[in-house]
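This report covers confidence, internal cavities, nonpolar cores and two threonine sites in one protein chain.

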Amino acid sequence: MDPAATTPVTPSPSPGPSRAVLAARNGVAVVFALNGLAVATWFSRVPAIRDGLDLSPGRLGLLLLAMSIGAILAMPTAGLVTQRLGAARAVALSTLLVALGLTVAGVSAGVAGSLPGVALGLFALGYGSGSCDVAMNIEGAAVERRLGWTVMPRFHAAWSLGSVAGAGLGAVAARLGLPVAVHLAVLAALVLGGTLLGARAFLPAEPDAAAGTPAGRRRRLLAAWREPRTLLIGLLVLAAAFAEGSANDWLAVAFIDGYGFSEAAGAAVFGVFVVGMTLGRTLGTVALDRWGRGPVLTTTILLAVVGAALAVLAGSGPVAVVGVVLWGVGASLGFPVGMSAAADEEEHAHVRVSVVAVIGYTAFLAGPPLLGLLGDHVGTLRALLVVPLLLLPTLLLVPAARPPASGRTGEPERVGSARPDA
């Protein structure tokens, strides 16, 4: 008898992701973090720029709109540009525009005292950041598919950490009296250099035999705008972006006005929200892999509803801060999971991520003025009740984020393979 016939065969462990995929994962995280650093660097010096240019709140609001307009104009075609150039080149070129925008805005504000120059720099910053946002999310989704487990929320957590670093460095620069032009130019160079290094580790661009003619690519983009699932995912991301952006813009002011917090304490409350977001995005990947998108998104949306309502209605500062934590954790996953859902089918990921990004980012464009106008009538704190009221019907959109039956095999939200923490 052949001994081999009676010897039990031990199955060999399935090979983990290749070094190239792990390197790409790290490169994407670096790009996300540096993009957050760039955006937060600008916002950290807005008070100094406002004072230097002697801007009223209304004129400052119009100035900041230039950045949002740039981002919104970039996103409809950013997916096609990424498809044509590859994610690495698209990220590199868009970050070059980000660096130029930061530098122009800083020099225009701190040296030339030119309001049109600052607006031009902000438009370039928004256009570059919006283009980079689409490209890095497309690359992040490709890496997630090859890893076989959920990682997109951690990329967005890296963005949050980058924004915290940008805010901290901005506070130090302001405390030391560092000129705005010098601060923004130095950070622009750092962001550009680090992003170029990170993008070098991206997955190699594969020739797209189905790319077709420019007219064909435009037809695919228009077709994506008619897909019910893509539009529903876009609305889900819109609500998530509104929940996040409302806290970014108004939380500190609301606690100062509504609960009598000092300016420093109000800033700390915003920091608590960012910590909650980062925690949710870091730990949420484990929950997504174990229970799937539907149950996890439903749970986190409900957490955000309860947290935002508690933050507004608590009547007590400490209790309201607990609500802020729940709000941050609850609002953490809608945006990254929506981007992953838009990219479920790799062939159409470029156009679908663009569509979802455009829909989602309108929240950042329309949210601040909407809450500001409402705040004039009911107060800034009470105006934030719009957040839970908007999130509740969003629960009906959660099924759209589930992977389609014809999508990828081995959806990353329920893969049972061993997952390294490195």
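A helix here is a DSSP run of H or I with at least four residues, and helices are numbered from the N terminus. Helix α4, which spans residues 57–85, contains T82. The model is a predicted one.

**Confidence**

Mean pLDDT for the protein is 84, and 87% of its residues are at 70 or more. Residues 1–13 have pLDDT below 50, and this stretch makes one contact in the model beyond near neighbours in sequence. Residues 407–422 also stay under 50 in pLDDT. For residues 407–422 the model nevertheless has 35 contacts beyond four places in sequence. The elements with the lowest and highest mean pLDDT are tabulated below.

| Element | Residues | Mean pLDDT |
|---|---|---|
| Helix α1 (lowest) | 3–6 | 46 |
| Helix α8 (highest) | 180–199 | 96 |

**Cavities**

Four cavities of 30 Å³ or more are counted. The largest cavity holds about 80 Å³ of space. Its lining includes L236, A239, A240 and A243, together with T300, I301 and A304. G330, A331, G334, L391 and T394 also line the largest cavity. By class, the lining has eight nonpolar residues, four polar residues and no charged ones.

Which helices supply at least two residues each to the lining of the largest cavity? They are α10 (228–259), α12 (293–313) and α17 (386–394). The largest share, four residues, is from α10.

**T300**

One of the residues lining the largest cavity is T300, which sits in helix α12. Is T300 buried or exposed? T300 has a relative accessibility of 9%, so it counts as buried, the cut-off for buried being under 20%. Not counting residues up to four places away in sequence, T300 touches V329, G330 and L333. Of these contacts, G330 is also named in the lining of the largest cavity. The C-alpha atom of T300 is 7.9 Å from that of S332, a residue 32 positions away along the chain.

**Nonpolar cores**

The largest nonpolar core has 81 residues, and the members that touch the most other members are V91, L251, F255, W327 and L391. Helix α10 gives the largest share of this core, 12 residues. A second core, separate from this one, has 27 residues, including L34, V39, L102 and L187.

L391 appears in the lining of the largest cavity as well as in the largest nonpolar core. Outside its neighbours within four places in sequence, V91 is in contact with V31, C132, A135, M136, T195, A199 and F202.

**T82**

T82 has a relative accessible area of 3% and is therefore buried. With neighbours within four places in sequence left aside, T82 contacts A87, A90, A135, I138 and H350. A135 is named among the contacts of T82 and also among those of V91.

Technical notes
Residues numbered from 1 in each chain as written. Predicted model: local features only at pLDDT ≥ 70, side-chain atom pairs only at ≥ 80, totals over all residues. Heavy atoms only, no water. 1 Å grid on protein atoms, 1.4 Å probe; cavity = no way out; pocket = protein on both sides within 12 Å on 5 of 7 lines; lining within 4 Å. Points joined across faces, edges and corners; volume = space filled by probe spheres on them. Nonpolar A, V, L, I, M, F, W, Y, C, P; charged D, E, K, R; others polar. Buried < 20%, exposed > 50% of the residue type's maximum accessible area, 1.4 Å probe, protein only. Contact = heavy atoms within 4.5 Å. pLDDT = per-residue confidence, 0-100. Core = buried A, V, L, I, M, F, W, Y, C linked by side-chain atoms within 4.5 Å.
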